Amino acid sequence: MLQIALPNKGSLSEASVSMLSEAGYRCKRRGRELVIEDPDNDVRIFFLRPRDIAVYVGAGHVHAGITGRDLLLDSETEAIEYEPLGFGRSQFRFAGPIGQFSSIADIEGKRVAASYDHLVNRFLKDRGISATVVHLDGAVESSVQLGVADLIADVVETGSTLRAAGLEIFGDPILSSEAVLITTHTHVDHPALRVLSRRLQGVLVARRHVLVDYNLKANDLSLAVKIAPGFESPTVSPLADPDWLAVRVVVERDEVNKVMDQLLGIGAQGIIVTELASSRLA
Ligand SMILES: Nc1ncnc2c1ncn2[C@@H]1O[C@H](COP(=O)(O)OP(=O)(O)OP(=O)(O)O)[C@@H](O)[C@H]1O
Ligand SMILES: O=P(O)(O)OC[C@H]1O[C@H](OP(=O)(O)OP(=O)(O)O)[C@H](O)[C@@H]1O
Ligand SMILES: [Mg+2]
């Protein structure tokens with residue numbers, strides 16, 4: 001039975017459950033259940049603190065998990081990134097009071113507040129900078145105002161928490177993070193992990209694409225295929241009127257409005273867009 005760990009709270013929690021549900025696993029909690037059995041898929045799901053997931057997976061007791069790349073790297077365990085999952089994107093960055101820091105070199109000799117101490121210590125060591133990392137559990141942005149640190153290193157998404165604390169980012173990002181599927185070298189070839197990964201990829205591809213249907217004069221088909229070639233080739237069906245065709249094609253979500261404008265430009269009619277629920281396209 002494949003054992004999977006999901007975040008029980010925090011920014012990645014809801015999105016992890018949604019993604020696994022869309023991939024066909026039973027993982028919606030009715031109350032505060034810590035473990036859910038999914039006998040149909042031969043899977044057991046554990047809800048654990050986001051920071052602890054790499055620890056359990058790294059120790060080999062749980063075969064796989066979803067956590068942030070930043071938490072994985074900070075954990076310094078045996079856990080490895082299996083694949084990125086395209087949500088929970090953030091950057092891990094240094095920030096200080098406005099106007100006081102401009103480059104990483106300015107950190108020398110200063111106190112850096114962080115919850116991700118290993119990540120920060122490694123980054124500074126690699127650059128030959130010595131500084132004191134002050135460990136805090138959260139709300140790191142308040143540490144400068146309250147006098148326990150000169151600057152911080154923390155997760156930044158919109159930047160609004162930083163701004164509210166009178167801080168600004170400086171220097172290169174320490175890390176670009178997102179939710180990742182993790183495992184260990186021991187379990188990397190587990191057949192059920194392969195199935196999980198294929199299903200998650202199916203959800204990811206479906207999220208990135210939409211289905212476009214339209215009618216077109218048969219003579220214009222080659223122009224339409226140039227505009228939207230699809231994964232392999234569009235599906236073309238005859239209409240009752242022999243001069244016209246019905247075309248169905250998969251299009252990247254980000255491109256769909258441009259594609260519809262161009263199809264309209266070559267005379268396509270009745271263009272409609274449909275969401276994909278899941279896929280096995282790639
Ligand atoms: N605002 C955010 N936007 C995107 N991802 C975030 C954000 N805040 C945290 N994360 C990501 O979520 C993970 C950490 O989860 P989070 O901070 O929500 O949980 P936590 O800190 O353990 O919980 P809590 O903050 O309640 O103690 C990290 O991988 C981080 O990159
Ligand atoms: O750039 P923003 O969109 O403002 O988001 C970043 C903030 O979100 C996270 O805090 P979280 O809610 O996890 O609280 P915590 O610091 O107590 O962990 C992170 O630690 C930052 O404080
Ligand atoms: Mg947090």
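**Exercise 1. Confidence of the model**

Task: State what mean pLDDT the protein chain has, and what share of its residues reach 70 or more.

Solution: The structure is a predicted model, and the mean pLDDT of its protein chain is 96. The share of residues that reach 70 or more is 100%. To these values one adds the scores of the model, which are ipTM 0.94 and pTM 0.92.

**Exercise 2. The annotated domain**

Task: Find where UniProt places the feature "domain: ATP phosphoribosyltransferase catalytic", and describe the chain over residues 49–201.

Solution: Begin with the record: UniProt, in an unreviewed entry, places this domain feature at residues 49–201. Then turn to the model, in which helix makes up 27% and strand 31% of the chain over residues 49–201. Finally, take the C-alpha atoms at the two ends of this stretch, which lie 24 Å apart.

**Exercise 3. The open sheet**

Task: Work out the order of the six strands in the open sheet, and identify its edge strands.

Solution: Reading across the open sheet, the order is E2-E3-E1-E4-E11-E5, with mixed pairing. The edges are strand E2 (35–38) and strand E5 (80–84), each of which pairs on one side only. From one strand to the next, the twist averages 30°. Within this order, consider strand E4 (residues 64–68) and strand E11 (residues 179–183), which pair in the antiparallel sense over four bridges; here Gly68 stands opposite Ala179 in E11.

**Exercise 4. A parallel pair and its crossover**

Task: Determine in which sense, parallel or antiparallel, E7 and E8 pair, and then trace the chain from E7 to E8.

Solution: In general, the strands of a sheet pair through backbone hydrogen bonds, in either a parallel or an antiparallel sense. Strand E7 (residues 111–114) and strand E8 (residues 132–135) pair in the parallel sense, over four bridges, and His135 in E8 is the bridge partner of Ala114. Between E7 and E8 the chain passes through helix H4 (residues 117–126), and the resulting β-α-β crossover is right-handed.

**Exercise 5. The shell around ligand 2**

Task: Establish how many residues surround ligand 2, which of them are the closest, and which element gives the most to the shell.

Solution: Ligand 2 is surrounded by 13 residues, and the closest are Gly138, Val155, Glu157, Thr158 and Thr161. Sorting the shell by class gives four nonpolar, six polar and three charged residues. Next, assign the shell to elements: strand E9 (151–156) and helix H5 (160–164) each supply at least two of its residues, and E9 gives the most, with three.

Technical notes. Residues numbered from 1 in each chain as written. Chains lettered and ligands numbered in written order. Predicted model: local features only at pLDDT ≥ 70, side-chain atom pairs only at ≥ 80, totals over all residues. Near = placed C-beta within 6 Å. Nonpolar A, V, L, I, M, F, W, Y, C, P; charged D, E, K, R; others polar. pLDDT = per-residue confidence, 0-100. UniProt positions renumbered as here; feature names shortened; annotations may be inferred. Pairing = 2+ DSSP bridges. Right-handed = clockwise from strand over helix to strand, strands pointing away. Axes fitted to C-alpha atoms, helices over the stretch in contact; angles between N-to-C directions.
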